[in-house]
2 protein chains.
Amino acid sequence: MKKTLVAMMMAGAALVAVPAAGQKADDTNRLIDQGMNHSQVMTIAQEMTDGLGPRLTNSPGMRRAEQWAIDKFNGWGLADVHRDGFEFGRGWEIVSVSARMMSPRPLALTAIPVAWTPPTNGAVSAPVIVAPMTKEEHFAEWKGKLAGKIVLVTLPGDGSEADKPGFHRLDSSDFEKLDSFRQPKYDPDSLNRRLERVAFPEKLDAFLKAEGAVAWVRESKRDGKLVHGEGYNYRAGHTLTLPGIELAAEDYRRLARLAKSGPAPELEIDSNVRFDDSDTKAYNIIADIPGSDPKAGYVMAGAHFDSWVAADGATDNAAGSAVVMEAARIIKALGVRPKRTIRFVLWSGEEQGLLGSLSYIDKYLASRPGPAEGEDGNLLYYGWPNRYPITPKPGYYDLKAYFNMDNGSGKLRGIYAEGNVAAVPLLKEWLTPYASLGAGRVVAATTGGTDHVFMQSVGVPGYQFIQDPLDYGSRTHHSSADTYDHLKAEDLRQASVVMAGMLLASANSDKTLPRFPVPSQPSAYDPFKYKDPNE
Amino acid sequence: MKKTLVAMMMAGAALVAVPAAGQKADDTNRLIDQGMNHSQVMTIAQEMTDGLGPRLTNSPGMRRAEQWAIDKFNGWGLADVHRDGFEFGRGWEIVSVSARMMSPRPLALTAIPVAWTPPTNGAVSAPVIVAPMTKEEHFAEWKGKLAGKIVLVTLPGDGSEADKPGFHRLDSSDFEKLDSFRQPKYDPDSLNRRLERVAFPEKLDAFLKAEGAVAWVRESKRDGKLVHGEGYNYRAGHTLTLPGIELAAEDYRRLARLAKSGPAPELEIDSNVRFDDSDTKAYNIIADIPGSDPKAGYVMAGAHFDSWVAADGATDNAAGSAVVMEAARIIKALGVRPKRTIRFVLWSGEEQGLLGSLSYIDKYLASRPGPAEGEDGNLLYYGWPNRYPITPKPGYYDLKAYFNMDNGSGKLRGIYAEGNVAAVPLLKEWLTPYASLGAGRVVAATTGGTDHVFMQSVGVPGYQFIQDPLDYGSRTHHSSADTYDHLKAEDLRQASVVMAGMLLASANSDKTLPRFPVPSQPSAYDPFKYKDPNE
């Protein structure tokens, strides 16, 4: 396989060096040649991960990364390269962290501070207590028992059994499952459940603080000594007051077992983290290849550039960011002038709730009513897609197609039509040249969790590609193993070619993607269903 | 499954509480009841792992563990509980370790000192150089280039693709593969190759030292931020002079890539390790349940108690050690007096070359000639099975059967007959009551890598059980994830019952296992094969 590829690349290089006289290479083949034989996607990804490291929204690291990305886009000659800011919250970064069991025996533990928690201000040491709490009702059991303690707030889990492969590529049976239209539905209770979950950390923090606890610890969601450190209390006035760390599952459960079998272990935590409130905004990076027809609108590629902090944010989402940047480089290198402007965006704030793309929509595409009086500002994200009416802005119809990449390093296998069955033929047509590269499928299903979602919610044609999952779910997603090592060069070269190809096709097409009507009310749901009080 | 087991256990408990008048429970059923319904195997394993932690041969931690085991055996009323020493080498332990990349950006790395390497005596900091070396021929390339450097001695690997399940239980197709007699063979060159591998670290150390290198770093053999830290230079006069650490593969490869893409990263290492030469011996722990017939000989169960240091040595081999101890507790609790003595042994030095069982054989079972004049003392292990003649000692025929457990936490599925097809019927007979527990298979194949091997090599009937592999190979073996979490309670209860059952059956049987003739020469090999000079 690899030998064949090398042979293909060498053959390709030879063709470029000695073109047949009088025959101009086709643009699609020039694009493939540029993306396969002259690829820079891994160099871009390496600088982004090894070089820049983690890119937490509005962190000092993200600020450096923004400048790097701007320099790159400018270096390739893109137009109007700029940062586009939106109100976010506090800056925060990890300087160092250590967690040690001091008794019954000394032992270094694998730990990460939970994002946006405060520092310990030097090492703090205290006995642990295992006090699992997920709801306010659970506080009563622990009242009066937490003073001077480091509180283990997760119910200790069981060891995992990885009885399915951790690394997976899609096959025809997977595609079959995806290719079925599902009727949209709206569950108003799911919003309330999510709001409760997101509000709980502040309630827990207030309780722990009032009880005189020293700090809190949670268990990693993955076994095998991996840690993650996601945290969501980033807004000024909402950051927690007690330091919080995540321990590797093995380390957390050892503490919990020892606390059950003997005297409570003593834990020492030194969480050296730093807030940076010099700027409360986060920034999307925007860069254009201008089109020749100012009335033809624009097409856009995007990927979120922000990451979590446990590693270098490689598969989530240097992969997508590098592909978007490489697609820009490829198209620019072809020297073609597309009919429509092609816009490249690196979003910020995705990990905190698709905030960068939401801000773009709100500014340039369509507005929805703000949170009601007294509603939590988190509703910006959680409540937004449920508020009506939607008011299209002047730029609403200018965006003809948006292509997003944010599902790891796996190659593109096709695209989700997001229930827009009328768009299937055109999406298929554009993908046709890349079918033999494995990317030809258009499936009816929707997919969520990334920056095309809010565009779809207002009727803008935003799409996410289908990608081979690889070990994104089993290992790298948000974890301390999310490093460049787990990026796949062949996959990312393919993805860059397909991304560039889709952009060029949609930018030059005589047709535009059929749109849905502007949504005017929530999708259907079952109004006769009773609510389970235990949910 | 779990519900059924709970129901069975509750039913069992009820039977014990109210025995049917006039009917005595069968010993096998009493044994199963004791092992399933009154099990202590997980309590034993928890104390051994969470409580005691790692048990490196001849380390201070191992010394504490030995005393704990002696107290346990004595507490259960076993006879003649004692330590049985053998000459080993230096004691060594980790106090703490840290490794940080200082430039191009600060980053904490996941590291472990390589066992028996010297301390850094505080933090040392230097630029890295990637200089992969596995043979003396490689030194020339790096001569004059290593002064003042931290040397990355492993060729950086590629990221892994876990495309098979990491957790596995055996099925009939696996057993079929195992159940075929393989003709023994002896490859004299394999010994030389192994000796070269084992001698290389000292040569590399001397070269690095002479070149003025500061320290060396190797890459973890597993992806996913796991580290291991195995090292073999434990003999006085043979410990290395330069500090050496193992870095997580992701961290190692990041350094290597950065060194290739820009200025060499600066690395800071603080390896705070400690030698303890207060005792150069390692100790096996031996405990007996005396038999009623002093002329009937003895049967024996064993597992190695020593571990590596990256975690708590849970699946390797607290699992086997806890099962051997629990089997002792179960049999003792039955109050039966076996015909033959049943001996329980916790070996030390297994990880350095089956040294504990080798010492037992050499003292009590059979001797082989010592290393030839001028041969490296490592030949004790490497050369031993190839030296003739074998001289049986008075105790040679007294050991009627030896049962070993050392393949992780997976339940016992049967036993390897080690090519001794004449022993198959009796092994099968003894396992029959446990067939419905999943342990009924006797396969012809041999298996290696643990403490029955040298017994077989001198013709003593030593056997290792077949075990479900679980995630032993993919994740826990020697790794920083080898904690109690990855032990399986149902598996270890089953293993304890089967181990106790096999001991009791072999101790009371009218028959003894058919033996091989005392081996008198190396097994057959192909004398006409030419040696590949590149091997």
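## Helices α12 and α15 of chain A

The crossing of α12(A) and α15(A) is right-handed, meaning that the near helix is turned clockwise from the far one by less than a right angle (anticlockwise would be left-handed). This comes from a predicted model, where local features need pLDDT of at least 70, side-chain atom pairs count only at pLDDT 80 or more, and totals for chains, interfaces and linings use all residues. Residues are numbered from 1 along each chain as its sequence is written, chains are lettered from A and ligands numbered from 1 in the order in which they are written, and side-chain values use heavy atoms, leaving out hydrogens and water.

Helix α12 covers residues 424-431 and helix α15 covers residues 489-508, and the two pack at an angle of about 120° with their axes 9 Å apart. That makes α12(A) oblique to α15(A) (under 35 degrees is roughly parallel, over 145 roughly antiparallel, 65 to 115 roughly perpendicular, and the rest oblique). On the α12(A) side, L427(A), W430(A) and L431(A) meet V498(A), M502(A), A505(A) and S506(A) of α15(A); contact here means heavy atoms within 4.5 Å. Sorted by class, these residues give 6 nonpolar, 1 polar and no charged.

## Two helices that pack on α9

Now for α9(A), which spans residues 314-334 and packs with α3(A), residues 41-51, at about 135° with the axes 9 Å apart. The pair is therefore oblique, and its crossing is right-handed. From α3(A) come V41(A), I44(A), A45(A), M48(A) and T49(A), while the α9(A) residues in the contact include A314(A), A318(A) and S321(A). The tally for this contact is 9 nonpolar, 2 polar and 1 charged.

Helix α2(A), residues 27-37, also packs with α9(A), with an angle of about 130° and axes 10 Å apart. This pair is oblique too, and α2(A) passes α9(A) in a right-handed crossing. Here D27(A), R30(A), L31(A), Q34(A) and G35(A) meet E326(A), R329(A), I330(A), A333(A) and L334(A). By class, that contact splits into 4 nonpolar, 2 polar and 4 charged.

## α2 in chain B

Over in chain B, helix α2 also runs over residues 27-37, and L31(B), D33(B), Q34(B), G35(B) and M36(B) are buried there (buried is under 20% relative accessible area, exposed is over 50%, and partly exposed is in between, using a 1.4 Å probe and protein chains only). At the N-terminal end of this helix, D26(B) acts as a cap, with a side-chain oxygen 2.8 Å from the backbone nitrogen of T28(B).

## A buried histidine

Look for H228(A) in the loop between β7 (215-219) and β8 (244-247) of chain A. With 0% relative accessibility, H228(A) counts as buried. Its side chain makes a polar contact of 3.3 Å with the side chain of S220(A) and one of 2.7 Å with that of R222(A). Beyond its neighbours within four places in sequence, H228(A) is in contact with residues including I112(A), E246(A), A310(A) and H477(A).

## A partly exposed arginine

R63(A) sits in helix α4 (residues 60-75) of chain A and is partly exposed, at 23% relative accessible area. Leaving out residues up to four places away in sequence, R63(A) touches N58(A), R83(A), D279(A), K281(A), A282(A) and Y283(A). A polar atom of the R63(A) side chain lies 3.3 Å from the backbone oxygen of K281(A). As for E87(A), 24 residues along the chain from R63(A), the C-alpha atoms of the two are 15 Å apart.

How values were computed. Helix = DSSP H or I, 4+ residues; strand = E, 2+ residues; numbered from the N terminus. Polar contact = N/O pair within 3.5 Å; in protein donor to acceptor, adjacent residues only side chain to side chain. Axes fitted to C-alpha atoms, helices over the stretch in contact; angles between N-to-C directions. Nonpolar A, V, L, I, M, F, W, Y, C, P; charged D, E, K, R; others polar.
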